[in-house]
Amino acid sequence: MFSRETSLAIVGADLSTAKAASRRAEIAACRPGEPLELKRRSGTRGGRRVVAVSSPRGIEIGYISPRDADRVAGLISVTRAIFQGADTFGAVGRFTFDGSAPALPAPKPKPERRERPRPPIDEFCDIFPKRRSAVKAQELAALP
């Protein structure tokens, strides 16, 4: 069984049909937090029920992942969903299965960017003169 709130995959945006381009365009137009509409489709696909997902504008953006479709189809009357974000396979939705309104998960904090420590300043750089090689000393001695 699902927990109170969960994120589920919405797949099928890239199926080789005439709707693929309109699905991708609608996924791009959706904003996080927009409500999604769930519709049970007649028949099965691969022995599992099919649950279509539509945007608030009524355009179908895909289907609930087949591994979760049977459970969602059984609870469709109390299931609520919002758009969470686009992904490579289609989209991700945030779902509740008790009739309550789903909420977006808290964003993950970005890791702090730390700079490497700088090497310490050489406190004795002016005290001791630089050592010259013997060749340089001879060259300097030959100068008028």
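Helices here are DSSP runs of H or I with at least four residues, strands are DSSP runs of E with at least two, and both are numbered from the N terminus.

**View 1. The whole chain, as a starting point.** What you're looking at is a predicted model. The protein chain has three helices and six strands, and along the sequence they come in the pattern β-α-β-β-β-α-β-β-α. Of its 144 residues, 33% are buried. Take the contacts with a separation of 6 or more: 54% of them link residues 24 or more positions apart. The chain exposes about 10500 Å², with 55% of that supplied by carbon and sulfur atoms.

**View 2. Pro56 in its loop.** Pro56 sits in the loop between strand 3 and strand 4. Its relative accessibility is 42%, and because partly exposed covers the range between 20% and 50%, Pro56 counts as partly exposed. Once neighbours within four places in sequence are set aside, Pro56 is in contact with Glu34 and Pro35. There's also Glu37 to look for: it is 19 residues away along the chain, yet the C-alpha atoms of Pro56 and Glu37 are separated by 6.9 Å.

**View 3. Glu34, on the other end of that contact.** Glu34 belongs to another loop, the one between helix 1 (20-29) and strand 2. Buried means under 20% relative accessible area, so Glu34, at 18%, makes the cut as buried. Leaving out residues up to four places away in sequence, Glu34 touches Ala29, Pro56, Arg57, Ala81, Ile82 and Phe83.

**View 4. Helix 1 and its buried face.** Ala20, Arg23, Glu26 and Ile27 are the buried residues of helix 1. Look down the axis of helix 1 and these buried residues fall within an arc of 130°, so they line one face of the helix. The spacing fits the usual rule: an α-helix has 3.6 residues a turn, so residues three or four places apart point the same way. Over on the other side of helix 1, Ala21 and Ala28 are exposed. The cover for the buried residues of helix 1 includes strand 4, strand 5 (80-87) and strand 6 (90-96).

**View 5. Helix 2, buried and exposed sides.** Helix 2 spans residues 66-74, and its buried residues include Asp68, Ala69, Val72 and Ala73. Viewed down the axis of helix 2, the buried residues keep within an arc of 135°, so they too line one face of their helix. Arg67 and Gly74 are on the other side of helix 2, where they are exposed. Among the elements covering the buried residues of helix 2 are strand 1 (5-11), strand 2 (35-45), strand 3 (48-54) and strand 4 (60-64).

**View 6. The largest pocket and what lines it.** Rolling a probe the size of a water molecule over the atoms shows where empty space is left. The largest pocket has a volume of about 160 Å³. Its lining is made up of Val11, Leu15, Arg45, Arg48, Arg49, Val50, Tyr63, Ile64, Pro66 and Ala69. Strand 3, strand 4 and helix 2 are the elements that each give two or more residues to this lining, and strand 3 has the largest share, with three residues. By residue class, the lining divides into seven nonpolar, three charged and no polar residues. Ala69 is worth finding here, as Ala69 is one of the lining residues and is also among the buried residues of helix 2.

Notes:
Residues are numbered from 1 along each chain as its sequence is written. This is a predicted model: local features need pLDDT of at least 70, side-chain atom pairs count only at pLDDT 80 or more; totals for chains, interfaces and linings use all residues. Side-chain values use heavy atoms; hydrogens and water are left out. Buried means under 20% relative accessible area, exposed over 50%, partly exposed in between (1.4 Å probe, protein chains only). The arc is that of the directions from the helix axis to the C-beta atoms. Contact means heavy atoms within 4.5 Å. Accessible areas come from the Shrake-Rupley method with a 1.4 Å probe; for residues, only the protein chains shown count as cover. On a 1 Å grid over the protein atoms alone, a cavity is a set of points where a 1.4 Å probe fits but cannot get out, and a pocket is an open set with protein on both sides within 12 Å along at least five of seven lines; lining residues have an atom within 4 Å of a point. Grid points are joined across faces, edges and corners, and a volume is the space filled by probe spheres set on the points. Ala, Val, Leu, Ile, Met, Phe, Trp, Tyr, Cys and Pro count as nonpolar, Asp, Glu, Lys and Arg as charged, and the others, Gly among them, as polar.
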